[in-house]
Amino acid sequence: MLMIILSLFLGILFGIFTGLIPGIHINLITIIILGLSASLLNLVSPLILIIFIVAMEITHTFIDYIPSIFLGAPDEDTILSILPGHQLLLKGHAYAGIILTLYGSLSALIIILFFVPIFIYLLPIVYPYVLRIMWIILILVSIYLIFTEKENTKRLWALIIFILAGFLGIASLNINIKEPLLPLLTGLFGASNLLISIHQKTKIPKQKIIPLKNIKLKRKSLVKSSLASIIAAPFTAFLPGLGASQAALIGREVTNIQDQREFLFLLGAINTIVMGLSFIALYSIQKTRTGAAVAVSKLINNLSINELFYIIITIIIAGIISFFVTIFISKLVAKNINKISYSKISVSILIILTILTIYFTGFLGLLIFITSTSLGITTIQLGIKRMHLMGALLIPTILFYLL
């Protein structure tokens with residue numbers, strides 16, 4: 001029991017680290033853990049390592065909106081927070097934006113518990129039929145996302161960007177480098193936004209620290225945002241190529257969410273739901289949809305109901321602790337972010353991302369990084385949703401199931 005508690009808190013600490021440092025993708029830590037697993041398993045049981053990974057991943061989903069909103073340096077699951085989050089940042093209300101995502105993530109813990117029996121008993125029955133038409137589902141989702149653009153010209157550009165990103169994704173995934181997603185996604189969603197911020201010489205105003213009791217949604221908004229997450233999030237837990245960002249966009253369109261406060265709540269909820277349910281899906285249908293689920297599957301071939309119980313408890317405890325930790329950190333950042341040159345921060349992060357790319361992926365990775373960054377900048381300049389850049393993952397996945 002002492003080792004379980006220790007692994008839980010170590011997982012939370014590592015989740016804080018990966019969540020706060022742009023470019024340190026959480027999959028890198030899981031890969032390191034797997035690389036060391038032969039030695040680690042001589043010291044601890046697989047369950048201890050699994051609890052560490054689950055705690056780290058759940059904590060990451062709470063923390064990772066801090067760099068996304070304050071620095072404009074998201075990962076693939078928080079890219080949609082850039083626009084509403086950046087608007088709040090420039091108005092001095094970034095702290096309130098973080099808290100809204102936290103409320104969503106906290107609500108996600110309840111929603112995950114709600115879906116556990118559904119995933120365990122119904123998903124194994126439905127999934128074989130879904131698998132047969134997977135490529136059709138993914139194509140329909142892609143078309144739907146493109147048509148969320150309101151103008152025909154933007155829809156055409158969205159289609160072009162989606163296809164170009166798809167070609168880039170195919171090329172990246174078929175080049176013999178480790179961690180091909182690092183330069184690909186970092187360029188598309190991180191470096192591109194940082195370069196735009198540097199060019200625009202963004203200045204951050206003093207941020208307001210609003211008491212938690214004053215940061216709240218009306219009951220109607222709370223119900224709408226929660227309903228949107230319940231509708232959209234579960235599918236991305238077992239459908240390949242779709243992540244939290246796509247689920248958030250689908251949920252927003254289906255429930256007609258317009259208010260940025262509701263949308264930030266929705267983003268926080270979906271990010272945590274998708275991660276949490278990916279472990280339940282692993283138990284239910286033995287399919288992995290996140291790097292963490294892949295790591296767990298390699299540590300234990302078939303999860304038992306006892307191990308699943310520990311995973312669920314870890315999700316709840318790590319989530320509750322992460323809620324309060326994120327409040328503390330975001331308040332600290334909000335008090336000091338305006339005292340630091342935003343351009344210098346952006347340049348520093350860009351240098352770190354470049355160094356990490358070269359270290360983990362070499363020259364070919366750097367080439368992917370530069371290309372994906374250019375495509376990301378083009379998308380921003382065209383004024384279309386950066387969601388279409390996820391063609392980099394969706395098109396290779398569609399081709400996999402089609403061919």
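This passage walks through the core, the aromatic pairs, the helix crossings and a few single residues of a predicted model.

The natural place to start is the middle. The largest nonpolar core holds 124 residues, and within that set Phe-70 and Ile-270 touch the most other members. Helix H13, running from residue 260 to 285, gives the most to this core, with 16 residues. One resident of H13 that can be looked at on its own is Val-274. With a relative accessible area of 9%, Val-274 falls under the 20% limit, so this residue counts as buried. Val-274 also shows how the chain folds back on itself: Thr-236 sits 38 residues away in sequence, yet the two C-alpha atoms are 6.4 Å apart in space.

Just ahead of H13 comes a loop, and Asp-259 lies in that loop, between helix H12 (244-255) and H13. Asp-259 has 34% relative accessibility and therefore counts as partly exposed. Here a long stretch of sequence goes with a long stretch of space, since Asp-259 and Ile-32 are 227 residues apart along the chain and 40 Å apart from C-alpha to C-alpha.

Next come the aromatic rings. The model has eight aromatic pairs. Phe-14 and Phe-52 make up one of them, with ring centres 5.2 Å from each other and planes at 70°, which is an edge-to-face arrangement. What does this pair tie together? Phe-14 belongs to helix H1 (residues 2-20) and Phe-52 to helix H3 (residues 46-63), so the two rings tie together parts that are 38 residues apart in sequence. The partners do not get the same label for burial: Phe-52, at 8% relative accessibility, counts as buried, whereas Phe-14, at 35%, counts as partly exposed. Elsewhere, ring pairs link Tyr-103, Phe-323 and Phe-324 into a cluster.

The helices that carry Phe-14 and Phe-52 also meet as whole elements. The axes of H1 and H3 come within 7 Å and cross at roughly 35°, and the crossing is right-handed. Sorted by class, the residues in this contact are 14 nonpolar and seven polar, with no charged ones.

H3 has another partner in helix H15, which spans residues 305-336. These two axes come within 8 Å, again at a crossing angle of roughly 35°, and this crossing too is right-handed. On the H3 side the contact includes Leu-47, Ile-50, Ile-51, Val-54 and Phe-62. The H15 side brings in residues including Tyr-310, Ile-311, Thr-314, Gly-319 and Phe-323. That last residue, Phe-323, is also a member of the ring cluster with Tyr-103 and Phe-324. By class, the contact of H3 with H15 has 15 nonpolar, five polar and one charged residues. The charged one is Glu-307 of H15, because Glu is in the charged class.

Finally, Tyr-401 is worth a look. Tyr-401 is found in helix H17, residues 391-402. Is this residue buried, exposed or partly exposed? At 24% relative accessibility, Tyr-401 counts as partly exposed, since that value is not under the 20% needed for buried. Leaving aside residues up to four places away in sequence, Tyr-401 touches Leu-131, Met-134, Trp-135, Pro-240 and Arg-289. Leu-138 is 263 residues from Tyr-401 along the chain, but their C-alpha atoms are separated by 9.6 Å.

Key: Residues numbered from 1 in each chain as written. Predicted model: local features only at pLDDT ≥ 70, side-chain atom pairs only at ≥ 80, totals over all residues. Heavy atoms only, no water. Core = buried A, V, L, I, M, F, W, Y, C linked by side-chain atoms within 4.5 Å. Buried < 20%, exposed > 50% of the residue type's maximum accessible area, 1.4 Å probe, protein only. Helix = DSSP H or I, 4+ residues; strand = E, 2+ residues; numbered from the N terminus. Phe/Tyr/Trp six-rings, centres within 6.5 Å; stacked < 30°, edge-to-face > 60°. Axes fitted to C-alpha atoms, helices over the stretch in contact; angles between N-to-C directions. Left-handed = near helix turned anticlockwise from the far one by under 90°. Contact = heavy atoms within 4.5 Å.
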